[in-house]
Amino acid sequence: MFVRAVYATGDPALLDAAVRSLNSEGRDLLEERPGYRGAGIFVDRELGKLLAVSWWETEAARHNSDEVMRERREALLEPFAGTVSVADYEAAVVHQIEHPRQGGGLRAARLEFDPRDADLVVDAFRATVVPRAESLPGLCRASLLLDRERGRAVAGALFADRGALAASRAAMAGVRHEASAKAHVDVVGLEEFEVVYADVRPD
């Protein structure tokens with residue numbers, strides 16, 4: 001599958017208005033597009049951050065959908081968004097244990113690597129991160145989103161509730177250290193979000 005990630009920051013007091021727009025008109029627009037496989041919205045209410053992720057069967061479906069979404073994105077995110085960035089990824093690994101639910105937690109690690117090591121990054125995630133993470137209480141999904149050409153990735157871990165997310169911090173720090181050393185990866189960012197919804201259909 002292929003992923004488009006929209007990352008917006010703005011006034012925390014205006015965040016809920018953007019969430020409501022994405023949950024209604026935004027989701028309707030996505031569901032009308034061929035090849036749509038689901039989406040997720042994740043927020044940091046304290047700092048005013050929003051991450052909206054849509055999943056697509058093919059790279060072409062993602063590209064075609066963006067022609068429509070690009071025209072509507074600004075209006076959907078008003079008046080909240082002061083900054084908006086869009087990134088495209090390949091869903092290299094999606095390991096689902098159970099369906100994430102509203103109120104859960106997402107931890108996202110932003111990674112950079114030599115593009116020639118892309119396959120090594122995928123192998124290390126499958127061999128190290130997935131088996132170590134799946135034993136953590138409350139884990140719903142572990143995923144690796146990859147931009148092979150630019151040497152960038154996002155490693156995500158979705159938990160059933162914020163308590164499980166918090167309890168996993170020490171264990172996941174050890175996993176990140178081990179996996180990044182094996183894959184020659186730099187961890188350049190680490191964020192946590194509340195799950196508003198996450199309805200991806202990986203299979």
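Charged residues make up eight positions in the lining of the second largest pocket of this predicted model. Three further lining residues are nonpolar, and none is polar. The lining consists of Phe2, Glu59, Arg62, Asp88, Tyr89, Glu90, Leu146, Asp147, Arg148, Glu149 and Arg150. Helix 2 (59–77), strand 4 and strand 6 each give two or more residues to this lining. Strand 4 provides the largest share, with three residues. The volume of the second largest pocket is about 210 Å³.

The largest pocket has a volume of about 630 Å³. Its lining comprises 34 residues. Ala5, Ala87, Tyr89, Arg110 and Val154 lie nearest the centre of this pocket. By class, the lining of the largest pocket holds 22 nonpolar, four polar and eight charged residues.

Eight strands each supply at least two residues to the lining of the largest pocket. These are strand 1 (2–10), strand 2 (36–44), strand 3 (49–56), strand 4 (81–96), strand 5 (105–112), strand 6 (139–147), strand 7 (152–159) and strand 8 (186–198). Strand 7 gives the most, with seven residues.

Some elements recur. Strand 4 and strand 6 each supply at least two residues to the largest pocket, and each also gives two or more to the second largest. Tyr89 is among the residues nearest the centre of the largest pocket, and Tyr89 also lines the second largest pocket.

Conventions: Residues are numbered from 1 along each chain as its sequence is written. This is a predicted model: local features need pLDDT of at least 70, side-chain atom pairs count only at pLDDT 80 or more; totals for chains, interfaces and linings use all residues. Side-chain values use heavy atoms; hydrogens and water are left out. On a 1 Å grid over the protein atoms alone, a cavity is a set of points where a 1.4 Å probe fits but cannot get out, and a pocket is an open set with protein on both sides within 12 Å along at least five of seven lines; lining residues have an atom within 4 Å of a point. Grid points are joined across faces, edges and corners, and a volume is the space filled by probe spheres set on the points. Helices (H or I, at least four residues) and strands (E, at least two) are DSSP runs, numbered from the N terminus. Ala, Val, Leu, Ile, Met, Phe, Trp, Tyr, Cys and Pro count as nonpolar, Asp, Glu, Lys and Arg as charged, and the others, Gly among them, as polar.
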